[in-house]
Each structure stands twice: as structure tokens, then as C-alpha cells.
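Hi,

Here is the structure I said I would pass on. Have a look at it first, and then read my notes below.

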Amino acid sequence: MTPDDPLLKILACPLDKGPLTLLAPEDALYNPRLRRRYPIVDGIPQLLPSSGEQVPEAEHNRLMTLSHAAEAESRQAQE
């Protein structure tokens with residue numbers, strides 16, 4: 001899955017139904033509102049509530065930094 005994959009626009013967290021952020025280097029989807037990470041296995045997002053793992057504060061901060069950096073790269077590539 002890539003950041004420009006149209007599937008990302010329709011995928012939602014199974015718990016709060018909100019959008020997810022792709023963590024490309026980790027092959028996972030992330031819900032920063034609930035601080036839950038969902039794995040992508042063989043290209044298939046595992047979006048069952050039981051598949052998500054709670055992320056501690058320090059890990060959340062690291063993931064948000066990665067996410068912002070990836071968004072900035074994506075914007076630069078589009079220009």
C-alpha cells in the first residue's frame with residue numbers, strides 16, 4: 001500500500017470510524033485519535049478491533065513525527 005492509494009480514502013478505524021494514517025515504513029495503519037496501530041499483512045489491512053494494538057505515548061509521538069515527514073515528502077513529490 002502506498003500513500004497515494006485510493007483505498008486509504010475509504011478505510012476507517014473499526015472503533016471510531018475515523019480516517020487512518022498509513023505508516024509506510026512499518027506497513028501499518030494508525031489511528032492517532034485512539035492511538036491504535038493496525039498491521040498490514042501481505043498487503044491486506046487487518047482492521048478488526050482485536051487486530052489493533054494500543055500505542056504508548058512515546059511511540060505515538062514517534063509515529064506522528066514519521067507521519068508528518070511522509071506527508072511533507074508526498075506534497076513535494078506532487079509539486
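**Starting from L8**

L8 is found in the segment before strand 1, which covers residues 21-23. Before going further, please keep in mind that this is a predicted model.

Is L8 buried or exposed? With a relative accessible area of 14%, L8 falls under the 20% cut-off, so it counts as buried. If we leave aside its neighbours within four places in sequence, L8 is in contact with M1, T2, P3, L22 and L29. The C-alpha atoms of L8 and P19 are separated by 8.2 Å, and these two residues are 11 apart along the chain.

**The cores**

L8 also belongs to the largest nonpolar core, which has nine residues in all: L8, L11, C13, L20, L22, L29, Y38, I40 and L47. Another core, of five residues, lies apart from that one, and L23, A28, Y30 and V55 are among its members.

Pick L47 from the nine-residue core and look around it. Neighbours within four places in sequence aside, L47 is in contact with L11, A12, P14, L20, L29 and Y38.

**The overall layout**

How many helices and strands does the protein have? There are one helix and five strands, and read along the sequence they follow the pattern β-β-β-β-β-α. The protein has 79 residues, of which 30% count as buried. It exposes about 5100 Å², and carbon and sulfur atoms supply 56% of that area. As for contacts with a separation of 6 or more, 26% of them come from residues 24 or more positions apart.

**How the strands go together**

Let's take the strands pair by pair.

- Strand 1 and strand 2 are antiparallel and pair over three bridges, with L22 standing opposite L29 in strand 2. Their hairpin has four residues between the strands, and D27 there takes a positive phi near 55 degrees.
- Strand 2 (residues 28-31) pairs with strand 3 (residues 36-41) in the antiparallel sense, over four bridges. A28 stands opposite P39 in strand 3, while L29 stands opposite Y38. These two strands also form a hairpin with four residues between them, and R35 in the turn has a positive phi of about 55 degrees.
- Strand 3 and strand 4 (residues 44-45) pair in the antiparallel sense over two bridges; I44 in strand 4 is the bridge partner of V41. Two residues lie between them in their hairpin, where D42 in the turn has a positive phi of about 55 degrees.
- Strand 3 is also joined by two bridges to strand 5 (residues 53-54), and the two run antiparallel. R37 stands opposite E53 in strand 5.

Which way do the residues of strand 2 point? A28 and Y30 point one way, L29 and N31 the other way, and all are buried. That ties in with the cores: L29 is in the nine-residue one, whereas A28 and Y30 are in the one of five residues.

**Over to the helix**

One last stop is E59, whose place is in helix 1, residues 57-78. Why is E59 counted as buried? Its relative accessibility is 19%, and buried means under 20%, so E59 makes the cut. Not counting residues up to four places away in sequence, E59 touches E26 and R37. R37 is the residue that stands opposite E53 in strand 5, so to speak a familiar name by now.

Cheers

Notes. Residues numbered from 1 in each chain as written. Predicted model: local features only at pLDDT ≥ 70, side-chain atom pairs only at ≥ 80, totals over all residues. Heavy atoms only, no water. Buried < 20%, exposed > 50% of the residue type's maximum accessible area, 1.4 Å probe, protein only. Contact = heavy atoms within 4.5 Å. Core = buried A, V, L, I, M, F, W, Y, C linked by side-chain atoms within 4.5 Å. Pairing = 2+ DSSP bridges. Areas by Shrake-Rupley, 256 points an atom, 1.4 Å probe, with all protein chains shown as cover.
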